[in-house]
Amino acid sequence: MSIVVADRLSWRDVARVGDGETLSVSKEAAARLANASAIVESIVTAGTRAYGINTGVGALSDTVVDRQSQSRLSRNIILSHACGVGPLLAPREVRAIIAAQIANFAHGHSGVRREIVATLAAFLEHDCIPEVPSKGSAGYLTHNAHTALVLIGEGYATVAGERKTGREALAAIGLQPLVLRAKEGLSLVNGTACATGLLSVALGRAERLLLWADAAAALTLEAVGCQMAAFDEAVLALRPSKGIAKVGAGLRARLAGSGLIAKAAGKRTQDALSLRAVPHAHGAAWDVFEQTGAVADQELASVTDNPAVSGTPENPVVSSEAHAVAPALALAADSLAIALAQPSAMSERRTDRLVNPLVSGLPAFLASDAGSHSGFMIAQYTAAALSNENRRMAAPAATDGGITSALQEDFLAHPTAAGNKLLAIIDNAEHILAIELMAAAQAHDFLTANGTRAKGTEAIHSAIRSVIAHYEDDRPLGADIETLKSLIAAQMPAQ
């Protein structure tokens, strides 16, 4: 199924492209592309000085480039800006970045030809994935440049699982390297497509993560015999929050009819905060998730190229602005990173309660034969280590400093760094939740004689046991963690 860019995309659209959907532009968007390209051509013909069209870029913005050199300028911008380093971005992330870039061009204020967009769309259609290093961008430039390399036959890409040079990759999908025109090189490295694509992927993963966090909490709450009165609708409504209400309703629905919960009623006056405050911590994360999604959608509705072209070929307007700077994206990604670090830390605390015989009432460390078996003792160590790493990474990227381009770019928002950091926190959080899920399932295995599980938690327990067995210190536990992490990352929890 192909998603069509007409007016704007949503972050969900971009995430779907990341997961394998294709993308095309509507007739209206194609007309906007043609008009913007004609505007740039008219400026070139008239010789009117305009940033990035017939001048250098950054600190060289006052250096005029003659017409014969403008195509070479576009190519040189790609080559000089492609200086990323470190591990490559995942294919899903590269696809999402390309989708966000097409969406930006389709607004009709960049001035690139339709051929540029068609080639990028062909990358998505044929799953031609440019090699894009994950590090080296204070904003957006280096990541975009590595994608653009393949457009001109440079760099490297993977097609059908095989690594090829840019020229070979283009030939494999039936295309030739493009010769760029004025401004096209700048537009290809410009804009916030990188951070927007990364944030869209992160939002898709965060949604699944939060649903699994709610499910894992329910399984643990049932195993420890929580006091459900704390989750009454009227009680939670005393603190108005859509997120709190959502999580509370989910817990009540998933735990409805639980024999284990019924048997534990009145057992304690109140539960520990890692149990009692699940709606508050998870709910706050859900609220931030919704706010972050709104910021991503706002970005996709925005023109993020500099300069922006408008008007008509007869009356062209070139506006030099700062729309390629994305403080809002950086702040949103930082906020979501903190929001996800908190419930994952709470998940580790719940795991500790499950394995700690001083508070669980269960076999020590959930071991089948405590003493000769260590059970989940060290798995909890892993969760604690990952939770601490998330705490360190939750420090905001948006407040980082830096001066580039000879004082011309003396403010940096760091949205791409914030997006990369957010994705790393999600990786850790998926592992942490995997550990809680397998510990909670193990706990339930010891409770079969104590009462029945609710239908909602039975679905989760069954999903876990469909991929990993009860643990008997009979295999490396790390493999089980990875198996459950893959489950969390790939699908929504069963209802």
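**A colleague's note on the predicted model**

1. Start in the loop between α16 (357–360) and α17 (377–393), where you'll find Phe-365. Keep in mind as you look around that this is a predicted model. Phe-365 has a positive phi of about 60°, even though it is not a glycine. That's worth a glance, since most residues other than glycine have a negative phi. With a relative accessible area of 28%, Phe-365 is partly exposed.

2. Now look at Leu-366, which sits in the loop between α16 and α17. Its phi is positive too, near 60°, and Leu-366 is likewise a residue other than glycine. Buried or exposed, where does Leu-366 fall? Leu-366 counts as buried, at 0% relative accessibility.

3. One more backbone oddity: the peptide bond from Asn-306 to Pro-307 is cis, with omega near 0°. For background, most peptide bonds are trans. You'll find Pro-307 in the loop between α14 and β8 (308–311).

4. On to the rings. How many aromatic pairs does the structure hold? There are three. Take Trp-11 and Phe-289: their ring centres are 5.9 Å apart and their planes stand at 85°, so this pair is edge-to-face. The pair ties together distant parts of the chain, with Trp-11 in helix α1 (residues 11–18) and Phe-289 in helix α14 (residues 278–300), 278 residues apart. Both Trp-11 and Phe-289 are buried.

5. Phe-289 also forms an aromatic pair with Trp-286, edge-to-face, at 5.6 Å centre to centre and 85° between the planes. These two are three residues apart in helix α14, so about one helical turn separates Trp-286 from Phe-289. Relative accessible area is 3% for Trp-286, which is buried, and 2% for Phe-289, also buried. Put the pieces together and Trp-11, Trp-286 and Phe-289 make one aromatic cluster.

6. Trp-286 has another partner: the charged end of Lys-246 sits over the ring of Trp-286, 4.4 Å from its centre. Elsewhere, look for Arg-163, which lies over the face of Tyr-156 at 3.9 Å from the ring centre.

7. Next, a helix crossing. The axes of helix α9 (residues 193–223) and helix α19 (residues 455–465) come within 10 Å and cross at roughly 105°. Angles from 65 to 115 degrees count as roughly perpendicular, and α9 and α19 are therefore roughly perpendicular to each other. Which residues make the contact? From α9 come Trp-212, Ala-215, Ala-218, Leu-219 and Glu-222, and from α19 come Thr-457, Ile-460, His-461 and Ile-464. Sorted by type, the residues of this contact of α9 with α19 are six nonpolar, two polar and one charged.

8. Stay with α19 for a moment. Its buried residues include Gly-456, Thr-457, Ala-459 and Ile-460, along with His-461, Ala-463 and Ile-464. What do the buried residues of α19 pack against? They pack against α9, α11 (242–255), α18 (415–445) and α20 (477–490).

9. Finally, zoom in on His-461, which belongs to helix α19. His-461 is buried, with a relative accessible area of 7%. If you set aside neighbours within four places in sequence, His-461 is in contact with Leu-219, Ala-441, His-444, Asp-445 and Arg-453. Leu-219 should look familiar, as one of the α9 residues in the contact with α19.

Key: Residues are numbered from 1 along each chain as its sequence is written. This is a predicted model: local features need pLDDT of at least 70, side-chain atom pairs count only at pLDDT 80 or more; totals for chains, interfaces and linings use all residues. Side-chain values use heavy atoms; hydrogens and water are left out. Axes are lines fitted to C-alpha atoms, for helices over the stretch in contact, and angles run from 0 to 180 degrees between N-to-C directions. Helices (H or I, at least four residues) and strands (E, at least two) are DSSP runs, numbered from the N terminus. Angles under 35 degrees count as roughly parallel, over 145 as roughly antiparallel, 65 to 115 as roughly perpendicular and the rest as oblique. Contact means heavy atoms within 4.5 Å. Ala, Val, Leu, Ile, Met, Phe, Trp, Tyr, Cys and Pro count as nonpolar, Asp, Glu, Lys and Arg as charged, and the others, Gly among them, as polar. Rings of Phe, Tyr and Trp (its six-membered ring) pair if their centres lie within 6.5 Å; planes under 30 degrees apart count as stacked, over 60 as edge-to-face and the rest as tilted. Buried means under 20% relative accessible area, exposed over 50%, partly exposed in between (1.4 Å probe, protein chains only). A charge sits over a ring if NZ of Lys or CZ of Arg is within 6 Å of the ring centre and within 35 degrees of the ring normal.
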